[in-house]
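Student: I have just been handed a structure to look at. Could you walk me through it and explain the terms as we go?

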Amino acid sequence: MSADKPTRQTPDTAAQSSHAAGSATTASGKQATTTDTSAKKNTRASTLSLLMTNPTAVFGLIVLAVIVVLALFGQWIAPYGANDIDVPRALQAPSSAHWFGTDELGRDVLSRVVIAAATSLKVALISVGIALVVGVGVGVLSGYLGGVIDSILMRIVDVAFSFPVLLLALAIVAILGQGIGSAMIAIGIVYIPIFARVARASTLSVRQEPYVQAARTMGVSSGRIVFSHVLPNISGPVIVQTSLSLAFAILTEAALSFLGLGVQPPEPSWGKMLFDAQGFMADAWWMAVFPGLAIFVVVLAFNLLGDGLRDVLDPRQRTIMQNRRKK
Amino acid sequence: MSDIPADQASAPEAAGARRDPAPEAPVLEVSDLTVGVGRNDIVHGVDFAVATGQTLGIVGESGSGKSLSVLSATGLFEAPGGYVHGSSTLDGEQIVGAPAGLLRSIHGRRIGFVFQDPSTSLNPLMTLEAQLAEGPIKHLGISAPEARERSLQLLTELGLPDPELRLGYYPHQLSGGQKQRVMIAVALACEPDVLIADEPTTALDVTTQAAIIDLVAGLQRSRDMAVVWISHDLGVIGQIADDIVVMRAGEIVERGSVADIFERPQHEYTKTLLAARPLLRTQQKAGSADAHADREETGEPLLRIEDLTVDFEVSSPTGKRTITAVKDVSLDVYRGRTLGIVGESGSGKSTIANVLTGVVEPASGEARMSGDPVLRLSGADLKTMRRRIAMVFQDPFAALDPRMTVQRSIAEPLMAHNLLPRRQRRQRCAELLDQVGLDASFIERYPHELSGGQRQRVCIARALAVDPELLILDESTASLDVSIQAQVLDLLAELQDEHGFGYIFIGHDLAVVEQVSDTVAVMKDGEVVEYGTAEQILRDPQTDYTRQLIDAVPPAEPVRA
Amino acid sequence: MSDPNTHGSSTAPEAPDRSADTPRSADTPRSADNQSSQAEQTQQAGFFTRHPLLTFILRRILLTFVTLLGVIVVVFFLIQLVPGDPVRIALGTRYTDEAYQALQQASGLDKPLIAQFFSYIGSALIGDLGVSFRNGEPVMMLLLERLPATISLALCAIFVALLIAIPLGTIAGLREGGVIDSIVRVISQFGVSIPDFWMGMMLISVFALGFGWPSSGYTPLTEDPIGWATHMVLPAITAGVVSAAILTRFIRTAVIDVSHATFVRTATSKGLKHWTVLTKHIGRNALIPVLTISGIQLATLLGGVIVVEVVFAYPGLGRLIYDAVAARDYPLLQGAILLIAFIFLTINLLVDVLYAIIDPRIRIS
């Protein structure tokens with residue numbers, strides 16, 4: 001029993017056992033184990049209902065729901081077309097006709113911001129999808145098999161980590177040629193290592209769990225262990241990482257588009273809109289403010305959701321110290 | 001890793017040396033103390049007191065609120081949303097609700113603390129000298145050289161070898177027992193009136209535990225301080241305490257002198273705790289002592305281990321090295337019989353289990369199960385052997401996948417070996433649960449909905465699922481509360497009688513191992529130092545180490561250390 | 001642009017990974033004890049066990065070198081992945097047969113692949129990164145010209161970041177779950193979510209257009225300290241805020257972790273002053289993970305401020321890279337990537353060494 005136990009685990013009636021806070025036993029890792037157990041307990045209780053008690057996560061979810069609706073139906077919701085050029089009405093300040101004002105070609109900024117949401121989400125989802133599948137595959141393989149394969153894969157991940165993300169993405173796009181496809185591939189590639197590391201670290205700790213040891217001693221095959229024990233039990237950290245990576249993928253796409261290497265005109269994109277706004281900073285603040293706000297809000301929503309998910313799915317990550325194990 | 005010089009593990013003093021409960025005023029007096037977090041009371045109005053020169057033992061199983069009560073009473077409990085009501089006075093001075101400044105002048109100066117896990121209780125980045133000197137410099141206003149002199153004396157008194165050198169050490173350079181000695185020195189650095197010892201020996205090996213108990217008892221006599229000793233282990237409390245308070249679920253169920261509690265327990269719960277206490281057979285009443293006497297070992301052994309040696313390569317940031325975890329071990333297990341392996345941490349006892357289950361490759365040696373090789377198997381042979389040898393792990397909290405129902409967990413080995421068609425698995429699970437004393441309603445539950453004892457029963461059911469011939473029980477009851485432990489041990493004995501399994505029972509507690517085993521192997525530093533029937537080992541131990549282990553088991557009748 | 005190596009949110013997965021390489025004996029006392037007792041029986045004390053710190057550093061250097069080789073190989077193959085002929089693409093409208101021949105020869109792209117491979121690795125290791133496609137100047141020289149500007153920007157940005165993050169993270173961590181903590185958490189979320197180039201634009205429109213601060217360019221510190229400072233303020237804040245948000249979260253987590261450790265309770269139980277507990281016990285232990293992440297952040301800033309440099313027309317490496325991409329100047333792009341990865345690895349190496357020196361568990365094992 002330690003003094004801080006009650007803060008982490010209020011005595012619960014569910015486990016009627018006197019073990020609820022059981023740490024008065026022999027081994028050293030006991031304290032951490034107990035915390036883990038309570039964490040898993042929460043996970044089971046109901047991820048969604050717990051998430052709902054987290055105000056920031058709820059905010060994130062609501063914003064994302066709105067964004068998804070905009071992305072799906074933006075074409076019809078937007079009051080004007082993305083490329084309805086109307087030069088006489090260029091650079092108009094926000095008004096009832098143009099809530100977010102107009103740009104240097106008289107295009108409606110609101111409509112362009114709304115329609116660009118779909119592109120932004122599409123790039124983020126596809127690229128993070130690539131990173132997720134490849135990264136988790138590599139990470140689980142590496143963590144579960146260990147040995148030489150692990151060493152080799154992790155050296156490769158180390159190499160990939162030596163390049164700053166945007167720089168690597170930039171280089172890949174420069175080589176593949178600019179455009180939305182290259183951007184998706186580039187962002188996908190640069191986020192593989194982080195998924196690989198998350199999956200590997202989680203796999204390493206799950207692999208040491210007695211329930212996995214037990215399965216091995218019972219003669220359960222490695223493939224079955226990976227699918228029935230490892231993957232379900234690493235899903236928490238991976239889901240959290242997915243949410244956070246979506247946030248950063250959107251930022252990266254915006255940066256690439258800002259540099260003229262991502263989404264290409266005439267398709268509207270937030271990054272490109274900001275780039276164009278640079279020339280009109282003194283006269284048309286709205287050209288820069290609204291697309292930037294759009295990026296900020298979506299990224300914030302993914303970050304808040306990710307943070308909320310972390311509290312619910314993966315509370316162990318909050319306490320790095322307890323987690324540190326010798327290899 | 002025992003760090004006790006042999007001469008220190010001296011014979012305990014006679015029970016007669018115990019003081020009479022002194023009539024003098026208590027130094028720490030707690031009344032109607034309630035502690036809780038949020039809306040839940042965890043401790044419901046407890047009273048206790050301890051006088052100078054006395055030791056109060058607080059015993060209870062995990063979750064009983066024993067540590068929380070004492071830490072709250074001494075002003076060390078702090079949690080968001082936590083509250084403490086009632087009264088706790090130190091020499092008449094109120095601690096509950098006292099300002100932080102007053103608490104700081106009391107902590108370390110008048111109350112010293114020793115915590116459970118010595119490995120995390122010391123700051124890893126500070127030398128022992130710095131950590132020992134902090135308190136005295138602050139409270140006694142002495143200079144650093146004076147503080148150093150004091151620390152040196154204290155460490156010498158506490159029996160830390162070569163104290164001058166060790167003052168410059170960092171905590172990671174010490175063994176567990178040495179760290180706990182340093183922790184005690186930290187607590188005693190300002191000569192406090194009260195020493196709070198919160199499970200101070202729980203994380204230690206049994207022989208180290210015995211040495212620490214003797215040490216604290218000696219220090220208490222020489223300093224005439226009050227001690228509050230918290231433990232889950234009634235045996236330990238019996239060796240150190242004058243008065244005992246028994247706690248359960250945040251309440252005190254019984255209190256009295258050691259003699260009262262041990263000889264005339266009133267409350268059912270106290271009686272259960274006493275009965276469940278692991279004792280050596282020689283300590284028990286005649287009659288139960290030869291429960292296993294009729295079980296002669298005859299014929300071919302079920303499992304024969306010959307000259308087993310296991311090496312590990314340990315890699316650290318500073319290089320690789322090889323250590324020998326198990327060295328030339330030969331052991332036999334017979335059908336329907338139990339081989340007990342007892343040893344302290346690092347003795348290599350669990351490595352033997354890992355070799356038998358094919359998790360670790362041995363360096364040399366052989367093991368045969370009814371003539372079939374067990375070691376260095378792969379593919380189908382390994383799978384078959386894994387069906388014949390089942391294992392039950394130490395920690396039932398961790399041995400079940402939190403995301404699997406009881407049924408899926410139990411059915412897992414059946415699936416792995418393609419034993420039963422899907423439809424019959426549920427039926428089989430219900431049968432297995434029945435065998436371990438759980439009803440079929442448990443089948444759809446998740447591990448977090450079960451108590452520790454229930455989980456361990458599920459683990460046993462899972463081990464039985466594929467009809468193994470040999471069960472390895474690796475500290476399988478060590479993390480359970482004593483009352484639960486006794487029940488699980490009974491269950492294991494029943495199952496053995498019924499099915500004729502061979503057991504390998506691995507443990508650190510000689511009393512438990514000896515109780516369930518027919519033959520016992522005592523291991524130290526990877527070698528078997530003594531091997532024979534339980535009877536022989538107990539009546540006529542051949543090595544000092546075995547004698548130490550036997551001495552470390554708390555006696556049936558409490559004897560003051 | 002923030003880097004996923006380091007974005008605050010992915011902190012934890014990184015930490016266990018790093019810790020896998022460093023001893024945590026204090027957290028696993030039993031196994032540590034096992035080893036110490038068993039090691040005595042077997043191993044004779046060799047060189048490596050006698051000099052743990054030196055061994056640790058040598059291993060780190062070796063590991064870094066292996067990674068660097070990997071980086072060079074990747075960078076070499078980048079140019080091979082260009083669809084079509086990179087020289088022809090780079091020349092574009094300037095294409096003539098003679099120009100083509102000359103450039104191909106100068107860059108060594110006329111040799112067989114295997115020869116190119118080894119000559120690239122060989123020259124990269126001695127700092128020869130080839131010549132620019134655009135003007136034939138040595139890439140290394142072009143890079144070194146721009147490096148000081150980027151280094152000053154990165155150092156100023158990390159300074160801004162630490163100035164914000166240390167107090168905020170510490171206070172939030174000590175008041176875990178309280179009002180201040182919630183506010184700090186939300187603020188740091190905001191900081192992580194702001195696109196840095198957008199913030200740069202906003203700062204320009206307020207301070208440059210509004211108050212007439214310089215919004216572009218760079219003056220070397222040695223020539224004009226005041227000019228240097230005024231040119232530095234806005235880009236440094238822009239780049240520093242995102243890092244500050246990330247570092248705040250790290251410091252908060254580290255402080256929470258350490259303040260829950262048992263040894264902090266021990267320190268409290270000694271009746272020490274609050275400040276002593278905070279600095280000597282919590283602070284020093286929390287410093288170790290914070291040091292690591294600060295190093296990574298600094299390295300990331302050195303290579304990751306491309307967009308900020310573009311926004312502020314700041315003549316650093318980032319701006320150079322941007323121009324190289326636009327001009328299809330592949331050797332320059334390769335060289336820049338290589339240099340930045342090299343700096344990243346070097347900083348990480350230094351941090352690891354520092355870490356080992358601070359932590360007695362590595363220094364004396």
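Tutor: Here are some questions and answers about chains B and C and a nonpolar core. This is a predicted model, in which local features need pLDDT of at least 70, side-chain atom pairs count only at pLDDT 80 or more, and totals for chains, interfaces and linings use all residues. Residues are numbered from 1 along each chain as its sequence is written, with chains lettered from A and ligands numbered from 1 in the order in which they are written.

Student: What makes up the secondary structure of chain C?

Tutor: Chain C has 17 helices and 0 strands. Helices are DSSP runs of H or I with at least four residues, strands are runs of E with at least two, and both are numbered from the N terminus. Chain B, in turn, has 20 helices and 20 strands.

Student: Why is chain B called as compact as a globular protein of its length?

Tutor: Its radius of gyration is 25 Å, close to the 24 Å that the globule rule gives for 561 residues, so chain B is as compact as a globular protein of that length. The radius is taken over C-alpha atoms, and the rule is 2.2 Å times the number of residues to the power 0.38.

Student: What makes a residue count as buried?

Tutor: At least 20 other C-beta atoms, placed from the backbone, must lie within 10 Å of its own. By that test, 55% of the 561 residues of chain B are buried, and 53% of the 365 residues of chain C.

Terms used
A residue is buried if 20 or more other C-beta atoms lie within 10 Å of its own, exposed if 12 or fewer, and partly exposed in between; C-beta atoms are placed from the backbone.
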